[in-house]
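This briefing is meant for someone meeting the structure for the first time. Please keep the sequence and the 3D view at hand while reading the points below.

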Amino acid sequence: MLDIKLIRKHYEKVRKRIATRGEEYAKLVDRVYELDRRKRELQKEVENLRALLNRKSKEYGRLKREGKEDETLKGELAKIKETLKGLEEELKRVEEELNDLLLRIPNLPHPSVPVGEDENDNVEVRRWGEPPKFDFEPKPHWELGERLGILDFERGAKLSGSRFVVKRGLGARLVRALINFMLDLHGERGYVEMYVPHLVKPEILVGTGQLPKFEEDLFKCERDNLYLIPTAEVPLTNLHREEILKEEDLPIYYTAYTPCYRREAGSYGRDIKGLIRLHQFDKVELVKITKPEDSYEELEKLVADAERVLQELELPYRVVELCTGDLGFSAAKTYDLEVWMPSYNRYREISSCSNCEDFQARRMKLRYKSKEGKNILCHTLNGSGLAVGRTLAAILENYQQEDGSVVIPKALRPYLGGIEVIKPQK
RNA sequence: GGAGGGGUGGCCGAGCGGACGAAGGCGCGGCGCUGGAAACGCCGUGUGCCCGAUUUCCGGGCACCGAGGGUUCGAAUCCCUCCCCCUCCGCCA
């Protein structure tokens, strides 16, 4: 949520910058600006009337205790109350609309974020590693996985429909190994490992920005009014919602493995095959809660921590900075990590690391008390470290051999009882 | 699923129609005591919004005792609805 005072004070500037994410948002800013003016007007009237009512009411009480009933005063009070009622109702309507709209305006991009329309305008920051050269035609990971007997898309569909997969034998073990490997790695860097609920209340999703705007992307358990988390960012970031943290507690680093559940509405044709886009996938997430002045330095470190996973696994990747048009709803600045995928012959997203500044903190009233005794909104950051399914896909494709076998990255072998290679069945 | 208990400030906890934004304690900050500290003593210390003079410091107002509604001149306090938490029993990994 944007600071309404910022819109009030720097209306033109905010409007212009928000428009770089899409023209439709500028209209929301306009409406909010107007509603805020109206709100304050009404609020002034209402509060003045209430002050009057409070004063007269006290006087009435005083008189009554002295045994003097004042019918004129009583009538006056009733009259004020009636005027108040009408104004209060209007104020409430205005406030509700204002609040709802404010929750639907995305975060303001950081000044350093390049202006652009979509992913084609993202800016490559650096590359690491060399894409492998094959003297044969590299196969896509779903073919490799099926031949190795570790991925079973058919039975995934039998159980749950399209975009679900079953992992078998070493496939299942590989997932477990990757999760443990990633969590251990992040633990070394000071992230506290957490295990969190996968079902959360609606207000939790409002806190991180998935609601109210992106309801259709979520799986909902209607009768219990709970949602399946689309990422561990949601429970992790909300852990300290409505708290006032101590300054010395910051920064806070959390990591957690969770499955992630996404309806993927509106992505019907895309990535039908393989592990790239599923309704349920595994992810190890990184979350930071920091002081405002530290958040951008912390973002760079967060990206480095996510990169480290790819480096340890020796998977070639690049880092791109998202442009304004490609930025997620809550993010002020985002770096994506894209891993090399031979069958696509291009880099594909495997991690997204964002600084949300105080956008989420304002929604969830997450603050800390400064040394001067002021309550200051924290900054929140999150990043994948990494998406497990996509990592598995990248390993299969980058480490494949001509005979269809796949070499296990060295760093992962201790987690798989020393296995060095997975061979096709029969 | 059944039966009870409860949600009050950073935390614990009292209040159960007006003088209550709320006792007391803890914590935190300041001052005193001390060679220094602990203990002790004194003082201060909730959040949000609006308005005004003022860019910091300030003054005024309004709201907030889980959420929403009602009764009343007046609600933390009484009534209704909802949410959440806890305890016991049952069931269960």
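What follows covers confidence, the RNA surface, one helix, the aromatic pairs and some backbone details.

The model is predicted, and the predictor gives the complex an ipTM of 0.83 together with a pTM of 0.93. For chain A the mean pLDDT is 92, with 100% of its residues reaching 70 or more.

**The surface near RNA strand B**

- There are 22 residues around RNA strand B, and those that come nearest are R8, Q43, E47, K81 and N375.
- Helix 3 provides the largest share of the surface near RNA strand B, namely twelve residues, while helix 1 (4-9), helix 3 (23-65), helix 4 (71-102) and strand 14 (367-369) are the elements that each supply at least two residues.
- Among the atoms of RNA strand B that lie within 4 Å of the protein, 75% belong to sugar or phosphate, and the rest belong to bases.
- Two lysines come up to phosphate oxygens of RNA strand B: an N or O atom in the side chain of K81 is 2.8 Å from one phosphate oxygen, and for an N or O atom in the side chain of K92 the distance to a phosphate oxygen is 3.0 Å.
- R367 is placed beside another part of the RNA backbone, with a polar side-chain atom 3.1 Å from a sugar or linking oxygen of RNA strand B.

**Helix 10 and its contact with strand 10**

- Helix 10 covers residues 295-312, which makes 18 residues, and from its first C-alpha to its last it reaches 26 Å, close to the 26 Å expected at 1.5 Å a residue.
- Its buried residues include S295, L299, L302, V303 and L310, and charged residues also appear among them, including E298, D305, E307 and R308.
- One of these, E298, has its side chain in a polar contact of 2.7 Å with the side chain of K288, a residue found in strand 10 (residues 280-290).
- K288 counts as buried because its relative accessible area is 0%, which is under 20%.
- After helix 10 comes E314, with a positive phi near 55°; E314 lies in the loop between helix 10 and strand 11 (317-321) and, at 44% relative accessibility, counts as partly exposed.

**Aromatic pairs and a charge over a ring**

- A search of the whole structure finds nine aromatic pairs, and one of them is the edge-to-face pair of W142 and Y344, with 6.4 Å centre to centre and 75° between the planes.
- W142 belongs to helix 5 (residues 141-147) and Y344 to the loop between strand 12 (333-341) and strand 13 (346-355), so this pair ties together parts of the chain that are 202 residues apart in sequence.
- W142 is buried, with a relative accessible area of 16%, whereas Y344 is partly exposed at 22%.
- Another edge-to-face pair is formed by F181 and Y415, with 5.9 Å centre to centre and 75° between the planes; the pair links distant parts of the chain, 234 residues apart, with F181 in helix 7 (residues 170-188) and Y415 in the loop between strand 17 (406-407) and strand 18 (421-422).
- Here F181 is buried, with a relative accessible area of 4%, and Y415 is partly exposed, with a value of 28%.
- The rings of F214, F329 and F359 form one aromatic cluster.
- The ring of Y344 also has a charged group over it, since the charged end of R348 sits there, 5.0 Å from the ring centre.

**Backbone details**

- A cis peptide bond joins L211 and P212, with omega about 5°, and P212 has its place in the loop between helix 8 (202-208) and strand 6 (220-221).
- The peptide bond from G385 to L386 is also cis, with omega near 10°, and L386 lies in strand 16 (residues 379-387).
- E357 has a positive phi of about 50° although it is not a glycine, and its place is in the loop between strand 13 and helix 11 (359-364).
- With a relative accessible area of 19%, E357 is buried, because buried here means under 20%.

Definitions and conventions
Residues are numbered from 1 along each chain as its sequence is written. Chains are lettered from A and ligands numbered from 1 in the order in which they are written. This is a predicted model: local features need pLDDT of at least 70, side-chain atom pairs count only at pLDDT 80 or more; totals for chains, interfaces and linings use all residues. Side-chain values use heavy atoms; hydrogens and water are left out. Helices (H or I, at least four residues) and strands (E, at least two) are DSSP runs, numbered from the N terminus. The expected span of a helix is 1.5 Å times one less than its number of residues. Buried means under 20% relative accessible area, exposed over 50%, partly exposed in between (1.4 Å probe, protein chains only). Rings of Phe, Tyr and Trp (its six-membered ring) pair if their centres lie within 6.5 Å; planes under 30 degrees apart count as stacked, over 60 as edge-to-face and the rest as tilted. A charge sits over a ring if NZ of Lys or CZ of Arg is within 6 Å of the ring centre and within 35 degrees of the ring normal. pLDDT is the predictor's confidence in each residue, from 0 to 100. A residue is near a molecule or strand if one of its heavy atoms lies within 4 Å of it. A polar contact is a pair of N or O atoms within 3.5 Å; within protein, one must be able to donate a hydrogen and the other to accept it, and residues adjacent in sequence count only if both atoms are side-chain atoms.
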